[in-house]
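Biologist: I'd like to walk through this one with you, bit by bit. Could you put it on the screen?

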There are 2 protein chains.
Amino acid sequence: MANKEIPYKIYLEESEMPKNWYNMRADMKNKPAPLLNPGTLKPMTKEELAPVFCDELIDQELNETDAYIPIPQEIRNFYKMYRPAPLVRAYCLEKKLQTPAKIYYKFEGNNTSGSHKLNSAIAQAYYAKKQGLKGVTTETGAGQWGTALSMACSYFDLDCKVYMVKVSYEQKPFRREVMRTYGASVTPSPSETTAVGRKILAQHPGTTGSLGCAISEAVEVATTNEGYRYVLGSVLNQVLLHQSIIGLETKIAMDKYDIKPDIIIGCAGGGSNLGGLISPFMGEKLRGEKDYQFIAVEPASCPSFTRGKFAYDFCDTGMICPLAKMYTLGSGFIPSANHAGGLRFHGMSSTLSQLYHDGYMEARAVEQTSVFEAAEQFARVEGILPAPESSHAIRVAIDEALKCKETGEEKTILFGLTGTGYFDMVAYEKFHEGSMTDYIPTDEDLQAGFDGIPKFPGNEF
Amino acid sequence: MANKEIPYKIYLEESEMPKNWYNMRADMKNKPAPLLNPGTLKPMTKEELAPVFCDELIDQELNETDAYIPIPQEIRNFYKMYRPAPLVRAYCLEKKLQTPAKIYYKFEGNNTSGSHKLNSAIAQAYYAKKQGLKGVTTETGAGQWGTALSMACSYFDLDCKVYMVKVSYEQKPFRREVMRTYGASVTPSPSETTAVGRKILAQHPGTTGSLGCAISEAVEVATTNEGYRYVLGSVLNQVLLHQSIIGLETKIAMDKYDIKPDIIIGCAGGGSNLGGLISPFMGEKLRGEKDYQFIAVEPASCPSFTRGKFAYDFCDTGMICPLAKMYTLGSGFIPSANHAGGLRFHGMSSTLSQLYHDGYMEARAVEQTSVFEAAEQFARVEGILPAPESSHAIRVAIDEALKCKETGEEKTILFGLTGTGYFDMVAYEKFHEGSMTDYIPTDEDLQAGFDGIPKFPGNEF
């Protein structure tokens, strides 16, 4: 298909859709460090993880040898309801920017959860159902993960208990109603419903919450209720595995038209979308077959990659979860209240952290007003109203395209458009009214978070 | 492709997309009655319409002879950004209902406006730009049309002034922000900004507004400002023409897989979606080539087809627009305040009214709690959170599928899923909390509206 005209949108046929997820870890020479038991500081065993996670998901979490893991037929059937996601050539944006760059984006917002989160939610709900569980608990920040999980649980008739970061719960009242439409219960976090929530509220009265707090609460509820397990929408290896569907579809579509991206850009909170998008491309880079420039984009107000420490740390504020080795701002770090939207986790996927540490990818931090400028510019020419999270990737894609305009280079830029911003209109309103502010934490602000990272031999940073 | 397995979603290739709109009127023996000048009671001429509408749109409005009208390349380019819309086989809904019926829906919600309205908005903005206008004015009810028009105007760099029915403006604050993101100005209607708005407010203090009021205001602003014209998102022949893209794509996709729908269902407010969806199928019926059962679904609280009069009436509350012959509840009719969402226009497309009058289609009125039950049932199995408007069609599609379950008939049911309900969560919340009510106007309620229909020789009803 070389030289064939590239359509605005490339959709795969159902028969072309991936039948396996791709597990990047199999091709990594330096594997991501294992989760540690915070008591013994030894790697968590399957038995130790079993009270928290579903059995088959633990197998996926610990599997660093199998490059391809079959996608069960039931999950593939669900994927067909909203996948393949389109790979879009941003002709209108290119024209507006007058850039010689060719810009593509993989759009994951074509489902009611409004984001890529559904790709892993349906997988996790499937394995929970298969294990005969009653339900699952989880946290949600911007609400996309909670919505996705509630849809997936509705499909498999599982109970779904969602702890939602309080600031998002208040900023996005309608998200709650979407989750209720799918039958989930939603509690603003931190809450009085858990021991860890009460403790956090006592220590930090008036806190607007954080993903770390909400995780602690959800884990407590899962481990203290018969027939429940905890599920997480990002950070974990299993989530990156499920999200590889994004990159796999993208690569099949690009290969079909002989397109090779030079730069691949994704927003990064816990790393689920970025890890999924880059997976098969990173595999080629890891195997020395092809080279790509990968750019992780994070908020300047929550800069795990660009200003965090690479160390073992807790995944949650309550310090009841295993330790993960990752770029972290400290489990006590809570983004400034003016931070809109998601990408507010203090840490980062261990797999992506290792790849970043080993020089396989770059990272950039961007400020939110510049992100909303990019979002609005994109919306006006490409039509789609992007989520604030996704707009971090748009910001850098536009920046790179403008560099090409200066240099005359015809680079091919691919970015992940993870979702839509329909439930983010409070933030858009602030942007329109000029009341949106930026915030870059000082070194002192960050030091407070770093001080909370556990100290033990081998965890120097 | 007979007997080929039907995928969950059928997408056309760009090369398969329609290059012409289809004009149903060309195949109608009884043409829809012309618009009348309310002063002279004579058919409106092009010259009389010119201060209100764009010139080329008037040509389309009056054209009842050309069956196919080429879609300009600029509009086809824009269509490529969000079209083709998927034709979805509702396998999961069929399974849930345990029906032998085969259910398909054409999903028009895959764009930021969240509905099919963009199909006509981009066409109308294109012709306004081509005419060298500064901007356009319009009304919007649920906000879908206003959003679509603001996107289209942003694309062509036109000013966009939207008058939004007050009840929707209050129920859907975020719609306003989406329109602002695309650069439009939004005024709740009736307002103090127009003479007709002030008059309506004086006569009906505390009114929650109606499409008829908002139309009057938008027309006044267009005709009293240099370089502006008025555009309308439904009812008009030109709008049905543009919306024929829905039916044309559907028919191409169905023909490709040898699928023939037995029943075609669409929600009906002013008729834009229904008219667009049925167009090419109705063409075959009008030409005697094939037969289909067409069902228009309207709210029981605004029952133009099922309880209205077929007569000449004003399209707006302020009675400044031309008279159209249509099924009408009277231009003073305002749906009860408990009515959620759109489908609140007092009249109906003249073309559809004529077809209904001549027995080519049926109509049903449904109550809103049963509509939201269908919406939630659909969302939980098909994933998409439907707009309240679209859910009227879902209600009847489910009813028909359940009839097939009783009779064992394997009918093929097609319905239009016009959009998403992301901005309708206030209504969903009422439904969840049990505070949503139904309302069926009494004969006396309706009589008040009928009394406002103008009386003149030949307009007996």
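Modeller: Before we start, one term: a residue is called buried when its relative accessible area is under 20%, exposed when over 50%, and partly exposed in between. Also keep in mind that this is a predicted model.

Biologist: Let's use that word, then. Which residues of α14(B) are buried?

Modeller: Helix α14 spans residues 350-357 of chain B, and seven of its eight residues are buried, so the helix is largely enclosed by the rest of the structure. Its cover includes α11, α12 (272-286), α13 (304-307), β12 (309-314), β13 (323-328) and β14 (362-366) of chain B. The buried ones are B:Ser350, B:Thr351, B:Leu352, B:Ser353, B:Gln354, B:Leu355 and B:Tyr356.

Biologist: And the ends of that helix? Which residue with a positive phi follows α14(B)?

Modeller: At the start of α14(B), a side-chain oxygen of B:Ser349 comes to within 3.2 Å of the backbone nitrogen of B:Thr351. After the helix there is a residue with phi near 85°, and that is B:Gly359.

Biologist: Now α11 of chain B. Is B:Gln238 buried or exposed?

Modeller: B:Gln238 sits in helix α11 (residues 237-256) of chain B, and it touches B:Leu57, B:Gln60, B:Glu61 and B:Gln124, leaving aside residues up to four places away in sequence. Its side chain also makes a polar contact with the side chain of B:Glu61, at 2.8 Å. The cut-off is under 20%, and B:Gln238 has a relative accessibility of 1%, so the residue counts as buried.

Biologist: Next, the place where the chains meet. How many salt bridges does the rule find across the interface of chain A and chain B?

Modeller: Let's set the scene: 43 residues of chain A are in contact with 43 residues of chain B. The two chains bury about 4100 Å² between them, 57% of it on carbon and sulfur atoms. In chain A, the residues that lose the most area to chain B are A:Phe174, A:Thr181 and A:Tyr422. As for salt bridges across this interface, the count is four.

Biologist: Pick one. Which residue of chain B forms a salt bridge with A:Arg176?

Modeller: Side chains of opposite charge can pair when their charged atoms come close. For A:Arg176, the closest N and O atoms of the pair are 3.1 Å apart, and the partner is B:Glu429.

Biologist: Back inside chain A: how far apart in sequence are A:Asp255 and A:Lys251?

Modeller: These two form a salt bridge, with their closest N and O atoms 3.0 Å apart. A:Asp255 is partly exposed at 41%, whereas A:Lys251 counts as buried at 11%. An α-helix has 3.6 residues a turn, so residues three or four places apart point the same way. Both lie in helix α11 of chain A, and their separation is about one turn of the helix, or four residues.

Biologist: And what about a pair from distant parts of the chain? How many residues apart are B:Glu16 and B:Lys256?

Modeller: B:Glu16 and B:Lys256 form a salt bridge too, the closest N and O atoms being 3.0 Å apart. B:Glu16 is in the loop between β1 (9-10) and β2 (20-22) of chain B, and B:Lys256 is in helix α11 of chain B, so the pair links distant parts of the chain. B:Glu16 is partly exposed at 25%, and B:Lys256 is also partly exposed, at 22%. Their separation in sequence is 240 residues.

Terms used:
Residues numbered from 1 in each chain as written. Chains lettered and ligands numbered in written order. Predicted model: local features only at pLDDT ≥ 70, side-chain atom pairs only at ≥ 80, totals over all residues. Heavy atoms only, no water. Contact = heavy atoms within 4.5 Å. Buried area = accessible area lost by both parts, 1.4 Å probe. Salt bridge = Lys/Arg side-chain N within 4 Å of Asp/Glu carboxyl O. Helix = DSSP H or I, 4+ residues; strand = E, 2+ residues; numbered from the N terminus. Buried < 20%, exposed > 50% of the residue type's maximum accessible area, 1.4 Å probe, protein only. Polar contact = N/O pair within 3.5 Å; in protein donor to acceptor, adjacent residues only side chain to side chain.
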